[in-house]
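This briefing introduces a protein model to a reader who is new to structural work. Please keep the structure in view while reading.

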Amino acid sequence: MCRTPRQGACAAVCPYVPVLLVAALSSCVLASAGGSAPSESTARTSAEASAEAAPSQAHAPGQQDDRAKEPPSKSTVVRGARPAQSASEVTLGRDILDAAPRRNAVDLLRAVPGLVASQHSGEGKAQQLFLRGFDALHGQDVELDVGGLPVNEVSHIHALGYADLNFVIPEVVQALEVTEGSYRAAQGDFAVAGTVRLDLGVAEPGVHLSGTLGQYGQRRLVATVRPGDDAGTFAAVELGEGSGFGAQRGYGRASLLAQAHATFGAGLTVRALGGSYVTRFDSPGVVREDDLRSGRGDFFSAALGRQGGSVSRHQLLLGMDLPRTGSGRTKLEVFGILSDLRLRNNFTGFRVDERGDGLEQTNNATTLGARAEHRRSVTAFGRPVALELGLGARRDSVEQTQRRYRESDGTFFSDEIDAAFTQTDVWGWAEARMPLGRWSFRLGGRADALGVEVFDALAFRDPRYYDGQGYSRSAFGVHLGTKAGVEYALGEDADAWRLFASYGDGFRSPQARSLSEGERAPFVSIRGAELGSRKDGERWALQLSLFGSQVDNDFFFDHTVGTTVYTGQTLRSGVSAALQARPLPGLVTSVSATFAHAYVRASDTLLPYFAPFVARADVGWDGPLTWAWLGGSTLSLGTGLTFIGPRPLPFSERSATVFLADAHVALRRGELGLRLEVSNLLDARWRDGEFVYGSRFDPGAAASLVPARHFTAGSPRMASLSLEVHL
């Protein structure tokens, strides 16, 4: 952990205050400019909020209003957007997602205020996420959902809550629904820093083909089919491969996603979502900073090979919206997921063993689940109350192994983990919202019961005790959480400023292998609160919030050396601001900035790796051209800017500042389109991940535990050209 006192937080953020102010003022100037009202924005009026208090998963992508039947345009209709019930809830529509280049689904997440995604281990591994002072690793503190399918994997061999979004085809994501914090009763396991739901759909009817060629052997083909007016009924396939911008960065993948829904008599709606995904990828590993400076290493190439892995995922969800009964609406869903991971990495070289420290991990999981949600309006104390209820269950059956392999030939020489477990979570939640004039009060609760059964084949390997039969154990526990919120409107108009106070209890489920026989499953409990305000208008929406959270018995996992560090109680606090503006026809701007502070209460030291300051701007414009031979064409321009301040590292070190600029330009005439995308436009030499620990990559060098700086290289400037055909 970093020995930097928390009192230095103000000094750390002061250099970035001008950046935040300039970004906010620039966007406000844009927002105040004249222009016609945009097409569907994410703003919701107070009347809509009172009429429909929906949970984050209350709307099937197939549900739409008549506006979805209008001719397709760049500004996609966001169907069924939930009303915001806290200062930091936000819906990011397709117009914002299209403002900057998005090569994959994780690039979509970069538009989420305050979120950082680090791709430090190749194209096929789940990215490391940072949000609101949390180093969420590969998903342990951010709940991810794709069209109702959960993405986080419980008790994963590589990282708790492992969430791999690489199966998602970015062209079929209609919107991101974001709830930062854990203030809603529908938020479940791993909803600690927040929840992100990806709503699926295809903007244009017909057949869309896109072929991409880019630097470093990048080749990609995407085909989408939308047979009718319903954006939620589609099929899409993606094929991609590339050699990467350095050694050990090659990859190949294929993904299929399809969704259909049908409406029957009496208001019965049925939805099906399915998909398959497979990839094989190489991983570059890390570079020692002192090797780079001495000329023994290359910035883009790590010292060791044999790293990488393969992933497959197959999934199916069936959902049903029952006919309305009075003011009540009921939704039922069942889902199943098969996922497999094989991963090899070596972050320490030959520090632990002269044969090499390489680890191969496998995780084969089967997930089955069901949930029911019911919403209705009732009357209490003579006042209307919007009531939401939810029930669900999820069972994960997992087999996992971890073995050491030789760097010389890749063969195994040591088994470390050989385990199988089942983990069952049964939950129920309720939430009620009552308006009283300009006031609105929200109160909810959630209960999760967790049962775990583990069989560990390698337990007690000491020959004095081990009889060759392994060790079996079971555990059980319950987590109870409270959710509450207060809202006050400063005016009667729908676009008046609203003030919010929110509170919520979140949790992480435990690592199954860490539990002992009969133990009460020790959930990691998180208590979070937020004060903020927001103003949602036709042309712009502004959000401001102050947030804080307390985590009991916290820990962080340093996956570079495979060690879990328990820290006791940790505290996080910060401030966030976000602006969406559509001041002129065809112009969209989304700007956000977040400052966070995270430290261990007992030692008053900073937690390592979290992102203290993050700023993001997405600006896009599209409109018709009237030039002679280009008349009738549509031009699109866009850019995405990312600023990440220095992150604290172990042993009182800090990472380097990162500033990245991406841009694209696209021209479409009739059925044909051409798109040029450039990432890292300024060709910055940046470090995607930075770590401090001991290593030895030269087996002939003397062994040492002295910590050293390591990094994984971020991508250089990369350009690609796509030809699009719309039929």
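The points below move from the whole chain to its cores and then to its strands.

The model is predicted. The protein holds six helices and 36 strands. Of its 727 residues, 58% are buried.

**Overall character**

- Among contacts in the protein with a separation of 6 or more, 67% are between residues 24 or more positions apart.
- About 27900 Å² of the protein is exposed, and carbon and sulfur atoms supply 60% of that area.

**Nonpolar cores**

- The largest nonpolar core comprises 61 residues, and L165 and L176 have the most contacts inside it.
- When residues up to four places away in sequence are not counted, L165 touches A105, V106, L109, L144, V146 and V151.
- Another core, of 18 residues, lies apart from the largest one; F130, V286, A611 and L660 are among its members.

**Strand β3 and its partners**

- In a regular strand, side chains alternate between the two faces of the sheet.
- Strand β3, at residues 128-131, is covered on both faces. Q128 and F130 are buried on one side, and L129 and L131 are buried on the other.
- F130 therefore has two roles to note: it is a buried residue of β3, and it belongs to the core of 18 residues, where buried means under 20% relative accessible area.
- Strand β2, at residues 116-118, runs antiparallel to β3 and is joined to it by three bridges. Within this pair, V116 has F130 as its bridge partner.
- Strand β4, at residues 134-135, also pairs with β3 in the antiparallel sense, over two bridges. Here L131 of β3 has F134 as its bridge partner.
- The hairpin of β3 and β4 has two residues between the strands, and R132 takes a positive phi near 50 degrees there.

**A sheet of three strands**

- Strands of a sheet pair through backbone hydrogen bonds, either parallel or antiparallel.
- One open sheet contains three strands in the order β14-β35-β34, with antiparallel pairing.
- β14 (287-288) and β34 (687-693) stand at the edges, and each has a single partner strand, so one side of each lacks a neighbour in the sheet.
- β14 is joined to β35, at residues 708-713, by two bridges, and the two strands run antiparallel.
- V287 stands opposite F711 in β35.

Key. Residues are numbered from 1 along each chain as its sequence is written. This is a predicted model: local features need pLDDT of at least 70, side-chain atom pairs count only at pLDDT 80 or more; totals for chains, interfaces and linings use all residues. Side-chain values use heavy atoms; hydrogens and water are left out. A nonpolar core is a set of buried Ala, Val, Leu, Ile, Met, Phe, Trp, Tyr and Cys residues joined through side-chain atoms within 4.5 Å. Buried means under 20% relative accessible area, exposed over 50%, partly exposed in between (1.4 Å probe, protein chains only). Contact means heavy atoms within 4.5 Å. Helices (H or I, at least four residues) and strands (E, at least two) are DSSP runs, numbered from the N terminus. Two strands pair if DSSP finds at least two bridges between them. Accessible areas come from the Shrake-Rupley method with a 1.4 Å probe; for residues, only the protein chains shown count as cover.
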